[in-house]
Amino acid sequence: GLPSGVTFSATTGVISGRPRVSGLYNVQVRAINAGGSSAVVTTPLVIRALDAQRVGNFGGLVNRHPNVNRDLGGVLTVSTTSTGSYTLRLVGALANNPTSTAATVTSITGFLAATAPQITSSLGGQPLLLTFNPQNGQLSGTLGAAAVNAQRSTWNAIANPAETRVGYYSLGMELANARDRGLAAIPQGAGFATFHVSLAGTLTAAGKTADGQSFTSASFIAANGAFYAYAPLYRNAGSIQGPLQITEDTQGHFAGNAIAGSMTWLKPTTTGRTYAAAFGSLDLQVTGAYLAPASRGNIILGLPSPGNVDLKFSDGGLANSETDPDLSFVLMDNYKPDFKNAFNPGKVTITLNPATGAVTGTFSLIENNPRLLRSRITFQGQVVRTVNGHSKALGYFLLPQIPTAGQAASLSHILSGGFTLE
């Protein structure tokens, strides 16, 4: 009458194993020797399922640490079952494995311990200690000297839909520290991303860093709206990551659903004209908000109102140019620009997608000493609803610099600057 996974040794009398199912089992016991057998004794054995708050999918970030992950950080996910088994997956570098990158996947399986820490194992030679908190659904601990913080996924599209946070969002990523602003060695433009929260509480963000790196990040929102972002960059030799949160509209009208948080950004040494030297990890401030139910078939929130709009460019070496591409123009009812009365020395073009909030365009710079035309420099960005409401869109451009004496134009550095629509 023992449950599946538990066995009895007639030689030693030991009952041992790990139950595979929960329930009430009537175990029958009797003793037998040369003199005969005893009466059968029936006794209940109760196998309780794991606490429901410790069952499910957990996900979160591993902090950056030079001796654990070469400062690349990582993302850790854990899936547990009601019988206490778990599958753990780490995406990230391991310091003692020189071939590992920010995209390396390491997986382990096992069973939870009855007391904290519930997971005690090893990843890449580093001790892994994780503890579940059933009161708040958090999973925390350490991988070596790096802290791990994760949340439980609580939403279900049918049984518990994320109705108050579902929708299409955008966010902007700007330098958080004053000491980093204005430095030519650091991209000065703004990164951005968009994502859609499903009824199941899942999301996949897609965006660009301020130096033009494309990235995606899959996650889910926890019960309190917390979620995380992690993405390898620069052929998996760098990364961007951080904890974020969607705060729900107090009136339940979606328009007040706001994003706040922070991210860190690390770049290795690379080749080429665009920031070849390493930097980071840089602190980024993240802000954003709800835009629409979906990125198709809707006009998003946060668009500039028809009328006068200012397009302002900054940094990226623009101060050394004889051309100022800043532009004031009229935005028409169909969200197309009207340049008829605009002073446009930079020959700016701009396109604004009212369904997605994507902003793209070009400008040109003319220099007389030395004579140089930098034609159709592209800029790109996103409508982002910020707290102050003044900035309607932000993004970046990558500008080849004026070559120094004797330097070929094709060898000058390329710097990142920013733009805003206000």
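This is a stop-by-stop tour of a predicted model, with a selection to make at each stop.

**Stop 1: the whole chain**

Show everything as a cartoon. The secondary structure comes to one helix and 30 strands. Now turn the C-alpha trace along its principal axes. It spans about 115 × 50 × 30 Å. The radius of gyration is 28 Å, whereas a compact globule of 422 residues would have one near 22 Å.

Switch on the surface. Its accessible area is about 20200 Å², and carbon and sulfur atoms hold 53% of that. Of the 422 residues, 45% count as buried. Contacts can also be sorted by sequence separation. Among those with a separation of 6 or more, 51% join residues 24 or more positions apart.

Colour by charge next. The protein has 26 positive and 18 negative charges, and their mean positions lie 14 Å apart.

**Stop 2: the largest nonpolar core**

Select Phe195 and Trp265. These two have the most contacts inside the largest nonpolar core, which has 33 residues. Which strands each supply at least two residues of this core? Select S15 (167-175), S16 (191-197), S17 (202-208), S19 (226-233), S20 (238-247), S21 (258-267) and S22 (279-292). S22 gives the largest share, five residues. In soluble globular proteins, nonpolar side chains tend to be buried together.

Zoom in on Phe195. Leaving out residues up to four places away in sequence, Phe195 touches Gly167, Tyr168, Tyr169, Leu171, Leu203, Thr204, Ala205, Phe227, Ile246 and Ile259. Another core lies apart from this one. To find that core of 28 residues, select some of its members, including Leu291, Phe379, Leu399 and Phe419.

**Stop 3: Arg165**

Go to the loop between strand S14 (146-152) and S15, where Arg165 lies. Is Arg165 buried or exposed? Arg165 counts as buried, because its relative accessible area is 8%, and the cut-off for buried is under 20%.

Show what surrounds this arginine. Beyond residues up to four places away in sequence, Arg165 touches Trp155, Val197, Ile221, Ala223, Asn224, Gly225, Ile246, Glu248, Phe254 and Asn257. Then draw a distance from Arg165 to Ser262. Their C-alpha atoms are 20 Å apart, with their positions 97 residues apart in sequence.

**Stop 4: Arg70**

Select the helix H1 (66-69) and strand S8 (74-80); Arg70 is in the loop between them. Arg70 has 32% relative accessibility, so this residue is partly exposed. Residues touching Arg70, other than those up to four places away in sequence, are His65, Ala93, Leu94, Ala95, Asn97, Pro98, Ser100 and Thr101. For a distance check, pick Val148. The C-alpha atoms of Arg70 and Val148 are separated by 15 Å, and the two residues are 78 apart along the chain.

**Stop 5: strand S23**

Select S23, residues 307-315. Two of its residues deserve a look.

Lys312 is in this strand. Its relative accessible area is 38%, so Lys312 is partly exposed. Where does the lysine make its contacts? Past residues up to four places away in sequence, Lys312 touches Asp326, Gly418, Phe419, Thr420 and Glu422. Phe419 is also one of the residues of the core of 28. Leu394 is 82 residues from Lys312 along the chain, yet their C-alpha atoms are separated by 9.6 Å.

Asp315 lies in S23 too. Its phi is near 60°, a positive value in a residue other than glycine. Asp315 is partly exposed, with a relative accessible area of 36%.

**Stop 6: backbone exceptions**

Most residues other than glycine have a negative phi, and most peptide bonds are trans. Some spots here depart from that pattern.

Select Asn236, in the loop between S19 and S20. Asn236 is not a glycine, but its phi is positive, about 70°. At 30% relative accessibility, Asn236 counts as partly exposed.

Now the peptide bonds. Select Ala116 and Pro117: the bond between them is cis, with omega near -10°. Pro117 sits in the loop between strand S10 (105-111) and strand S11 (119-123).

End at Gly280 and Ser281. A cis peptide bond joins this pair too, with omega about 10°. Ser281 belongs to strand S22, the strand that supplies the largest share of the 33-residue core.

Conventions. Residues are numbered from 1 along each chain as its sequence is written. This is a predicted model: local features need pLDDT of at least 70, side-chain atom pairs count only at pLDDT 80 or more; totals for chains, interfaces and linings use all residues. Side-chain values use heavy atoms; hydrogens and water are left out. A nonpolar core is a set of buried Ala, Val, Leu, Ile, Met, Phe, Trp, Tyr and Cys residues joined through side-chain atoms within 4.5 Å. Buried means under 20% relative accessible area, exposed over 50%, partly exposed in between (1.4 Å probe, protein chains only). Helices (H or I, at least four residues) and strands (E, at least two) are DSSP runs, numbered from the N terminus. Contact means heavy atoms within 4.5 Å. The radius of gyration is taken over C-alpha atoms; the globule rule is 2.2 Å times the number of residues to the power 0.38. Accessible areas come from the Shrake-Rupley method with a 1.4 Å probe; for residues, only the protein chains shown count as cover. Lys and Arg count as positive and Asp and Glu as negative; His and the chain ends are not counted. The place of a charge is taken as NZ of Lys, CZ of Arg, CG of Asp or CD of Glu.
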